[in-house]
Amino acid sequence: MMLKEMQKLPEAVQLIEKASMMYLENGTPDTAAMALERAGKLIENVNPEKAVQLYQQTANVFENEERLRQAVELLGKASRLLVRGRRFDEAALSIQKEKNIYKEIENYPTCYKKTIAQVLVHLHRNDYVAAERCVRESYSIPGFNGSEDCAALEQLLEGYDQQDQDQVSEVCNSPLFKYMDNDYAKLGLSLVVPGGGIKKKSPATPQAKPDGVTTAAADEEEDEYSGGLC
């Protein structure tokens, strides 16, 4: 895109927003939503914050028309942009809205995927309690308990809580996580446990060293894994 065209983009988006308001006032919400989504696509690479706002406006128009599938698709675009911009607090709220709609339209398998996205966002916010709560609340979603998504999340939370980087990395590198939308897959691959990956040990029962392995060698082996990224 030429520099002059880029400079005119904000003005173009502003005009599209005005047009969409007129479409709404004239009772043509579909056209208003199409205009807002187009404006979002135009500005996304230049001003992602504005694009998020436009996608959320589009989702609201669709939701008011009870077109929930279209609404949730636009919310998904907003969520991914928020994650890309590392605006994790807002992303967590946006993903929860998506999840609520998917639950309402009874698309339960997608609810499971949104729970994974939520957990990854909360862990990047260093909020283990919120991540655990998301999983606990998802037990009420039909089919979640006993799904591979549920099992993987329980393993992820256990590894994170125990500061076991190896376990967290194993989950985040599984196909279930790697084949999510790219923005969420990246969150998984970059997730680092608190303390840099040094496992918690029970002070009452120190780990026994295998025969023939010196304390120094064992410590060196443990250090090899500490502080590593997923």
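## A walk through an all-helix model

Start by selecting L123: setting aside residues up to four places away in sequence, L123 touches Y128, A131, L156, L157, Y160 and L191. Keep L123 on screen, as this residue comes back in the core below.

Before going further, zoom out. What you have open is a predicted model. Colour by secondary structure and you get 12 helices and zero strands, so to speak a one-letter topology: from the N terminus on, the elements run α-α-α-α-α-α-α-α-α-α-α-α. Of the 230 residues, 41% count as buried. Among contacts between residues at least 6 apart in sequence, 60% join residues at least 24 apart.

Now colour by pLDDT. The mean for the protein is 87, and 82% of the residues reach 70 or more. Then select residues 201–230, where the pLDDT is below 50. Beyond near neighbours in sequence, that stretch still has 28 contacts in the model. A word of caution for such places: where pLDDT is low, the predicted coordinates should not be read in detail.

**The core**

Back to L123. Which residues touch the most other members of the largest nonpolar core? Select V119, V121, L123, L153, L156, F177 and L191, out of 60 residues in that core. For the largest share of this core, highlight helix α4 (residues 68–84), which supplies nine residues.

**Helix α6: two stops**

Next, go to helix α6, residues 108–124. Two of its residues are worth a click.

K114 lies in this helix. Is K114 buried or exposed? With 9% relative accessibility, K114 counts as buried, the cut-off being under 20%. Show its surroundings and, leaving out residues up to four places away in sequence, you'll find K114 touching I95, E98, K99 and Y102.

H124 is also in α6, and at 16% relative accessibility H124 counts as buried. Its contacts, again without residues up to four places away in sequence, are R86, F88, L187, S190 and L191. Draw a distance from H124 to S190: the two are 66 residues apart in sequence, yet their C-alpha atoms are 9.0 Å apart in space.

**Helix α7: one side in**

Move along to helix α7, residues 128–138, and select its buried residues: A130, A131, C134, V135 and S138. Why do they sit on the same side of α7? Because they cover an arc of only 140° around the axis. Now bring up what covers them, which includes α5 (88–104), α6 (108–124) and α8 (148–161).

While you're here, stay on C134, which is buried at a relative accessible area of 5%. Then jump to C172, buried as well, with a relative accessible area of 1%. How many disulfides does a search of the whole structure find? Zero.

**Last stop: the aromatics**

The structure holds three aromatic pairs. For one of them, select Y139 and F144: the rings are 5.9 Å apart centre to centre, with 55° between the planes, and the pair is tilted. That label follows because only planes over 60 degrees apart count as edge-to-face, and only those under 30 as stacked. Switch on the surface to see how the two partners differ in exposure: Y139 counts as partly exposed at 35% relative accessibility, whereas F144 is buried, at 0% relative accessible area. Finally, add Y112 to the selection, and you have one aromatic cluster of Y112, Y139 and F144.

Definitions and conventions:
Residues numbered from 1 in each chain as written. Predicted model: local features only at pLDDT ≥ 70, side-chain atom pairs only at ≥ 80, totals over all residues. Heavy atoms only, no water. Phe/Tyr/Trp six-rings, centres within 6.5 Å; stacked < 30°, edge-to-face > 60°. Buried < 20%, exposed > 50% of the residue type's maximum accessible area, 1.4 Å probe, protein only. Helix = DSSP H or I, 4+ residues; strand = E, 2+ residues; numbered from the N terminus. Arc of directions from axis to C-beta. Contact = heavy atoms within 4.5 Å. Disulfide = S-S within 2.5 Å. Core = buried A, V, L, I, M, F, W, Y, C linked by side-chain atoms within 4.5 Å. pLDDT = per-residue confidence, 0-100.
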